[in-house]
Structures are given as structure tokens and as C-alpha cells.
Amino acid sequence: MNVPEQVEGRLPMLGVLVSGRGSNLEAIFDAIDRGELRARVGVVLSSKADAPALEHATHRGIATVVIAPKQYASRAAEGEAIVEALRAAMVDLVVLAGYARIFDPCVVQAFPLRILNIHPSLLPSFAGGMAPRPQREALEAGVKISGCTVHFVTEDVDAGPIVAQAAVPVLDDDTVATLAERILEAEHQLLPQAIGRVLSGRVRLAGKRASVE
Ligand code: GRF
């Protein structure tokens with residue numbers, strides 16, 4: 001299930017999917033620049049033509065593709081276009097970094113246990129929905145600890161095997177914005193680490209439990 005650190009003598013290629021701001025994409029670029037993540041970003045694919053994340057990619061000379069739902073007659077057709085774009089870029093591992101679409105099953109089937117997602121809660125709590133919904137739900141539930149989760153994407157939304165989690169405190173005077181900001185800082189650390197862990201080829205699965213051997 002794992003992606004070896006070197007694929008046929010080259011660095012593993014990432015395909016990063018975005019829909020918005022792109023701070024997690026930046027965190028991936030920064031980790032690569034610092035030499036902490038041995039990988040390349042082959043393509044950044046966005047579901048929105050005006051996503052600021054696209055500018056981060058073009059600024060670095062990374063290829064970008066926009067696959068917006070309204071361009072396609074069905075979710076399956078959209079999924080086929082996504083698979084085609086990722087294959088064209090020879091992507092070894094797909095990373096959803098603030099990607100706002102639910103995949104057609106054909107995408108998950110094309111990259112089995114090769115897609116990671118970051119979610120701004122400690123799954124399985126507050127699954128589903130885009131930021132800031134999970135953060136708002138955590139505040140409303142009165143939890144004292146929240147955080148973020150990187151997990152493998154399966155056909156069940158936000159329910160694939162968990163690769164890594166980071167916890168942050170929920171403070172009495174938090175608003176959705178302050179909690180989201182604290183979680184986001186943790187995301188920027190966790191996502192590159194989790195990608196590196198999967199690329200190391202040492203993650204093993206036993207049922208839903210992923211562990212590093
Ligand atoms: C993050 O909170 C991520 O966990 C969620 O969407 C947000 C994306 O932020 N899936 P950014 O676009 O990476 O800044």
C-alpha cells in the first residue's frame with residue numbers, strides 16, 4: 001500500500017487538490033524547501049478557478065489544472081477528468097489540502113490508499129463539512145480539546161484510516177476564528193509530516209488502524 005521514497009530513481013510526485021486559500025499547500029512547499037519532505041509537487045488541481053491557492057502554485061512554476069464541477073455533466077465525468085489529470089502528471093500520492101468536493105468513487109478506486117486528506121477536527125468527531133463547520137461544531141459541543149486529522153481517503157467521507165492527528169486546547173474565550181487559527185497552525189506541521197510518513201513506505205494497515213513499522 002505504500003509509496004516508496006524513490007519511485008524508479010526519482011522523488012515521489014505529489015498531486016495537491018485545493019479549493020481555497022492554500023495555506024496547507026504552502027506548508028507542503030515550505031517543508032520541501034527546508035528539505036524535510038522529500039517529494040515534488042507535480043500538479044495543483046483546483047475545483048475553483050479563482051482559488052488563491054492556484055497563485056501559490058503558479059508563483060513556484062508548478063502546473064495547475066482547474067476542474068470545476070459545472071464543466072461536467074456528472075460527478076463521474078468530473079472524477080474521470082481528475083484521474084486523467086493526476087495520471088498525466090505521474091502523481092504517486094494525492095493530497096487533499098482544503099479540497100471542497102466529494103470524489104466520485106472512480107477517483108478513490110484509481111488511487112487506492114494513495115489519497116490523503118486533512119480535516120480540521122479530531123476524527124471521528126465532527127466529520128463532514130468544510131472549515132469552519134467542524135471548528136464551529138467543536139465549539140458548540142463544548143469540547144476542551146480539538147485538533148486536526150490526516151487520513152487516507154476512502155469512499156466513506158472522513159472515515160478512512162487515520163495516519164496522524166494533532167491536538168490543540170479549546171480555550172474558554174475562543175471564537176470559531178481563533179480556534180480555527182490554532183488548529184490551522186497544527187495542520188501546517190501535521191500535513192507535511194504525515195505525507196513524509198506515508199512516503200517512507202513504513203505505514204502498515206490492520207483494519208482501520210494505520211501504524212508505522
Ligand atoms: C483547512 O482547515 C483544512 O483542514 C480544511 O480546509 C482548510 C483549508 O485551508 N480541509 P487552506 O486552503 O489550506 O488554507
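How far is an oxygen atom of the ligand from an N or O atom in the side chain of R21? In this predicted model, the separation is 2.6 Å. S23 also places a polar side-chain atom by the ligand, 2.5 Å from one of the ligand's oxygen atoms. N24 contributes through its backbone instead: an N or O atom there lies 2.9 Å from a ligand oxygen. The free ligand would expose 360 Å². The protein buries 94% of that area.

The shell around the ligand comprises R21, G22, S23, N24, G98, I118, H119, P120, M130, A131 and E187. By class, four of these residues are nonpolar, five are polar and two are charged. Two secondary-structure elements, α1 (23–33) and β5 (115–119), each provide at least two residues of this shell.

The ligand occupies the largest pocket. This pocket holds about 790 Å³ of space. Its lining runs to 41 residues. Nearest the centre of the pocket lie G98, Y99, N117, I118 and M130. Of these, G98, I118 and M130 also belong to the ligand shell. The lining divides into 19 nonpolar, 14 polar and eight charged residues.

Several elements build the pocket wall. At least two lining residues come from each of α1, α4 (105–110), β5, β6 (145–152) and α6 (176–199). Helix α6 gives the largest share, with four residues. Both α1 and β5 thus recur, as each also supplies at least two residues of the ligand shell.

Enclosed space was examined next. Rolling a probe the size of a water molecule over the atoms shows where empty space is left. Across the whole structure, the search returns one cavity of 30 Å³ or more. The largest cavity contains about 40 Å³ of space. Its lining consists of R75, E78, G79, I82, Y99, R101, I102, F103 and D104. Four of the lining residues are nonpolar, one is polar and four are charged. Y99 appears in this lining, and Y99 is also among the residues nearest the centre of the largest pocket.

Definitions and conventions
Residues are numbered from 1 along each chain as its sequence is written. This is a predicted model: local features need pLDDT of at least 70, side-chain atom pairs count only at pLDDT 80 or more; totals for chains, interfaces and linings use all residues. Side-chain values use heavy atoms; hydrogens and water are left out. A residue is near a molecule or strand if one of its heavy atoms lies within 4 Å of it. A polar contact is a pair of N or O atoms within 3.5 Å; within protein, one must be able to donate a hydrogen and the other to accept it, and residues adjacent in sequence count only if both atoms are side-chain atoms. Accessible areas come from the Shrake-Rupley method with a 1.4 Å probe; for residues, only the protein chains shown count as cover. On a 1 Å grid over the protein atoms alone, a cavity is a set of points where a 1.4 Å probe fits but cannot get out, and a pocket is an open set with protein on both sides within 12 Å along at least five of seven lines; lining residues have an atom within 4 Å of a point. A molecule sits in a cavity or pocket if more than half of its atoms lie within 2 Å of its grid points. Ala, Val, Leu, Ile, Met, Phe, Trp, Tyr, Cys and Pro count as nonpolar, Asp, Glu, Lys and Arg as charged, and the others, Gly among them, as polar. Grid points are joined across faces, edges and corners, and a volume is the space filled by probe spheres set on the points.
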